[in-house]
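This report goes through a protein model and its two ligands, region by region. Please have the sequence and the structure open while reading.

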Amino acid sequence: MDISKVMFSKEQIHNKVLELAGKIQKDYEGEHVFVIGILKGACVFVSDLIREIDLPITLDFMSVSSYGMSTESSGVVKIIKDLDMDITGMNVIIVEDIIDTGLTLNYLREYLGARHVKSLKICTLLDKPHRRKCDVVADYVGFEIEDKFIVGYGIDCKEQYRNLPYIAAID
Ligand SMILES: O=P(O)(O)OC[C@H]1O[C@H](OP(=O)(O)OP(=O)(O)O)[C@H](O)[C@@H]1O
Ligand code: HPA
Ligand SMILES: [Mg+2]
């Protein structure tokens with residue numbers, strides 16, 4: 001597989017992170033926010049995002065996987081690591097790198113929503129709305145993209161390319 005072209009540069013991503021962080025900071029003014037980064041894909045994005053939000057933040061991670069070594073979702077969301085902390089009564093933001101079929105977030109929304117949180121929102125850097133298999137809408141979206149398989153900035157193809165500082169499509 002080859003990387004076809006850079007879709008979003010390091011600078012474009014940085015500007016988008018600042019924009020999303022600014023919106024979150026404004027919306028949650030005076031509140032404590034519990035951020036859940038969804039590993040592995042969101043590891044880079046969530047690290048950059050939280051450092052631009054000037055609010056009290058608690059950070060935890062879940063690790064889930066449905067693509068494995070494939071470029072198609074298996075349709076089964078497997079929890080590899082659950083939360084370490086209790087989120088009861090918290091303002092929770094789930095941070096994802098990409099929403100594609102929506103199966104991962106549909107599962108996580110139900111799983112986490114059942115824990116009596118104060119509020120639950122979704123922030124994603126990338127969104128492929130035309131690929132949805134279930135009804136998931138994010139509250140904060142970085143870039144809407146067409147139906148291409150994406151790599152870089154934490155996002156993999158067969159566990160490679162997560163370290164690219166830019167986002168690219170793959171052939
Ligand atoms: O909307 P969907 O079709 O469910 O796809 C989105 C999910 O797929 C990727 O994770 P993956 O399962 O590949 O695990 P990874 O984050 O460890 O790469 C990505 O990081 C999202 O979590
Ligand atoms: O476009 C993608 N790239 C990598 N992983 C993914 N998981 C869902 N969509 C994608
Ligand atoms: Mg993956």
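How many residues surround ligand 1, and which are the closest? The model, which is predicted, places 18 residues around ligand 1. The closest of them are Gly41, Tyr67, Asp100, Thr101 and Thr104.

## Ligand 1

Three elements give two or more residues to the shell around ligand 1: β2 (33-39), β5 (91-99) and α3 (103-113). Of the elements, β5 gives the most, with 4 residues. By class, the shell of ligand 1 is made up of 7 polar, 6 nonpolar and 5 charged residues.

## Ligand 2

The residues around ligand 2 are Tyr67, Ile98, Asp100, Phe149, Ile150, Ile155, Asp156 and Cys157. Sorted by class, this shell holds 6 nonpolar and 2 charged residues, and no polar ones.

Tyr67 and Asp100 are named both among the closest residues to ligand 1 and among the residues around ligand 2.

## Annotated domain

An unreviewed UniProt entry lists residues 11-156 under "domain: Phosphoribosyltransferase". Over residues 11-156 the chain is 25% helix and 32% strand. The end C-alpha atoms of that range are 20 Å apart.

## Helix α1

Helix α1 covers residues 10-27, 18 residues in total. From the first C-alpha to the last, α1 reaches 26 Å, close to the 26 Å expected at 1.5 Å a residue.

Buried residues in α1 are Ile13, Val17, Leu20, Ala21 and Ile24. Seen down the axis of α1, these buried residues fall within an arc of 100°, so they line one face of the helix. An α-helix has 3.6 residues a turn, so residues three or four places apart point the same way. The face of α1 turned away from the buried side carries the exposed residues Glu11 and Lys26. Packed against the buried residues of α1 are β1 (3-8), α2 (43-50), β5, β6 (119-127), β7 (140-144) and β9 (167-170).

Ile13 is a residue of helix α1. Ile13 counts as buried because it has 22 C-beta neighbours inside 10 Å. Apart from neighbours within four places in sequence, Ile13 is in contact with Phe8, Tyr153 and Ile167. Gly89, in contrast, is 76 residues from Ile13 in sequence and 32 Å from it in space, C-alpha to C-alpha.

## Helix α2 and the loop before it

In α2, the buried residues are Val44, Phe45, Val46, Leu49 and Ile50. Their cover includes α1, β2, β3 (57-65), β5 and β6.

Lys40 is found in the loop between β2 and α2. The peptide bond from Leu39 to Lys40 is cis, with omega near 0°.

## Helix α3

Thr104, Leu105 and Leu108 are the buried residues of α3. They cover an arc of only 85° around the axis, which puts them on the same side of α3. Glu110 and Gly113 are exposed on the other side of α3. The packing partners of the buried residues of α3 are β3, β5 and β6. One of these buried residues, Thr104, is also listed among the closest residues to ligand 1.

Leu112 also lies in helix α3. Is Leu112 buried or partly exposed? Leu112 counts as partly exposed because it has 17 C-beta neighbours inside 10 Å, whereas a buried residue needs 20 or more. Neighbours within four places in sequence aside, Leu112 is in contact with Ile87, Val92, Ile94, Val117 and Leu120. Val77 is 35 residues from Leu112 in sequence and 14 Å from it in space, C-alpha to C-alpha.

## Two residues with positive phi

Which residues that are not glycine have a positive phi? One of them is His116, with a phi of about 50°. His116 is found in the loop between α3 and β6. His116 is exposed, with 10 other C-beta atoms within 10 Å.

Tyr153 also has a positive phi, near 55°, and is a residue other than glycine. Tyr153 lies in the loop between β8 (149-151) and β9. Tyr153 is buried, with 27 other C-beta atoms within 10 Å. Tyr153 is also one of the contacts of Ile13.

Note on methods. Residues are numbered from 1 along each chain as its sequence is written. Chains are lettered from A and ligands numbered from 1 in the order in which they are written. This is a predicted model: local features need pLDDT of at least 70, side-chain atom pairs count only at pLDDT 80 or more; totals for chains, interfaces and linings use all residues. A residue is near a molecule or strand if its C-beta atom, placed from the backbone, lies within 6 Å of it. Ala, Val, Leu, Ile, Met, Phe, Trp, Tyr, Cys and Pro count as nonpolar, Asp, Glu, Lys and Arg as charged, and the others, Gly among them, as polar. UniProt positions are given in the numbering used here, feature names are shortened, and annotations may be inferred rather than shown by experiment. The expected span of a helix is 1.5 Å times one less than its number of residues. A residue is buried if 20 or more other C-beta atoms lie within 10 Å of its own, exposed if 12 or fewer, and partly exposed in between; C-beta atoms are placed from the backbone. The arc is that of the directions from the helix axis to the C-beta atoms. Two residues are in contact if their C-beta atoms, placed from the backbone, lie within 7 Å.
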